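Let's take a walk through a protein model together. Keep the picture in view and turn it as you read.

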Amino acid sequence: MREALDLATSEKGTDPANTPIAALVVHQGRVLAKGVNRTAEDCDPTAHAEIVTLRAAGKEAGEMRFEGATLYSTLQPCGMCTMASIWAGVSRIVYGAGRGDVHEMYFEDRHLSTLDYIADAYKDDLSLEGGVLRCDCAKLYFGPEDDVPEEMQAND
Ligand SMILES: [Zn+2]
């Protein structure tokens, strides 16, 4: 997680307006791939840090599944990224800041957590662990009580 934190700030800086999110895939004891969110840079709504990293991991591994891998992310993954992890054979997701630690703008769903839903549906295949370096990760983002102007809530 420390490596993900360092990557987030080295690639995206420390301004929460730049949404510094980083992810790593660790497989068979080594970092297979790492990446940061590139939604704004690539005009790609699917280019979340976790998706960018899973794509890079697939290229590095030369296959689409890396059974038993662990995905690390500085922020609780969304439903899309969690589901992509399952498709990739990831069996463990570890994240830093959770839904309650940051502004609601970071999550597309307002009344339920897609991560919770998927975690329940795939509880035999996937374990989830949140809050690793929680405070350090949460500092990268707007807090739950921060008054973020509407035009800055693009989360990209
Ligand atoms: Zn995502």
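We begin at helix α3, where the buried residues are Ala 49, Glu 50, Ile 51, Val 52, Thr 53, Leu 54 and Ala 57. Keep in mind as we go that this is a predicted model. What do those buried residues lean on? The buried residues of α3 pack against β1, β2 (30–36), β3 and α4. You can also check the length of this helix for yourself. Helix α3 covers residues 49–61, which makes 13 residues, and at 1.5 Å a residue they should span 18 Å; the C-alpha atoms at its two ends are 18 Å apart, so expectation and model agree. Just after α3 comes Gly 62, which has a positive phi, near 75°.

Now zoom in on Ala 49, one of the residues of helix α3. Is Ala 49 buried or exposed? Ala 49 has 31 C-beta neighbours inside 10 Å, and because 20 or more is the mark of a buried residue, Ala 49 counts as buried. Leaving aside neighbours within four places in sequence, Ala 49 is in contact with Ile 21, Ala 22, Ala 23, Gly 35, Val 36, Asn 37 and Ser 73. Take Ile 21 from that list: Ala 49 and Ile 21 are 28 residues apart in sequence, yet their C-alpha atoms are 6.1 Å apart in space.

For a contrast, look at Asp 42, which lies in helix α2 (residues 39–42). Asp 42 has 12 C-beta neighbours inside 10 Å, and because a count of 12 or fewer marks a residue as exposed, Asp 42 is exposed. Asp 42 and Leu 7 are 35 residues apart in sequence, and from C-alpha to C-alpha they are 18 Å apart in space.

Next, let's follow the strands. Strand β1 (residues 22–27) is joined to β2 by 6 bridges, and these two strands run antiparallel. Within this pair, Ala 22 stands opposite Val 36 in β2. The hairpin made by β1 and β2 has 2 residues between the strands, and Gln 28 in this hairpin takes a positive phi near 50°. Of the 7 residues of β2, 5 are buried, so β2 is largely enclosed by the rest of the structure.

Strand β1 also pairs with β3, in the antiparallel sense and over 4 bridges. One place to see this is Ala 23, whose bridge partner in β3 is Ser 73. Strand β3 is itself mostly covered, with 5 of its 6 residues buried.

From β3 we can step across to β4. Strand β3 (residues 70–75) and strand β4 (residues 92–97) pair over 5 bridges, here in the parallel sense. Leu 71 has Ile 93 in β4 as its bridge partner, while Leu 75 is matched with Ala 97 in β4. How do β3 and β4 fit together with helix α4 (residues 79–88)? The three of them make a right-handed β-α-β unit. Strand β4 is then joined to β5 (residues 127–129) by 3 bridges, and these strands run parallel. In this pairing, Val 94 stands opposite Glu 129 in β5.

Which residues have the most contacts inside the largest nonpolar core? They are Ala 22 and Val 25, in a core of 36 residues. At least two residues of this core come from each of α1 (2–12), β1, β2, α3, β3, α4, β4 and α6 (134–138). Val 25 gives you a view from within: apart from neighbours within four places in sequence, Val 25 is in contact with Leu 32, Ala 33, Thr 53, Leu 54, Ala 57, Phe 66, Ala 69 and Leu 71.

Finally, zoom out to the whole chain. The chain has 6 helices and 5 strands, and along the sequence they follow the pattern α-β-β-α-α-β-α-β-α-β-α. The radius of gyration is 14 Å, close to the 15 Å that the globule rule gives for 156 residues, so the chain is as compact as a globular protein of that length. Along its principal axes, the C-alpha trace spans about 40 × 30 × 30 Å. Buried residues make up 37% of the 156 residues. Among contacts between residues at least 6 apart in sequence, 63% join residues at least 24 apart. The contact of Ala 49 with Ile 21, 28 residues away in sequence, is an example you have already met.

Key: Residues numbered from 1 in each chain as written. Predicted model: local features only at pLDDT ≥ 70, side-chain atom pairs only at ≥ 80, totals over all residues. Pairing = 2+ DSSP bridges. Right-handed = clockwise from strand over helix to strand, strands pointing away. Expected span 1.5 Å × (residues − 1). Contact = placed C-beta atoms within 7 Å. Rg over C-alpha atoms; globule rule 2.2 N^0.38 Å. Core = buried A, V, L, I, M, F, W, Y, C linked by C-beta atoms within 7 Å.
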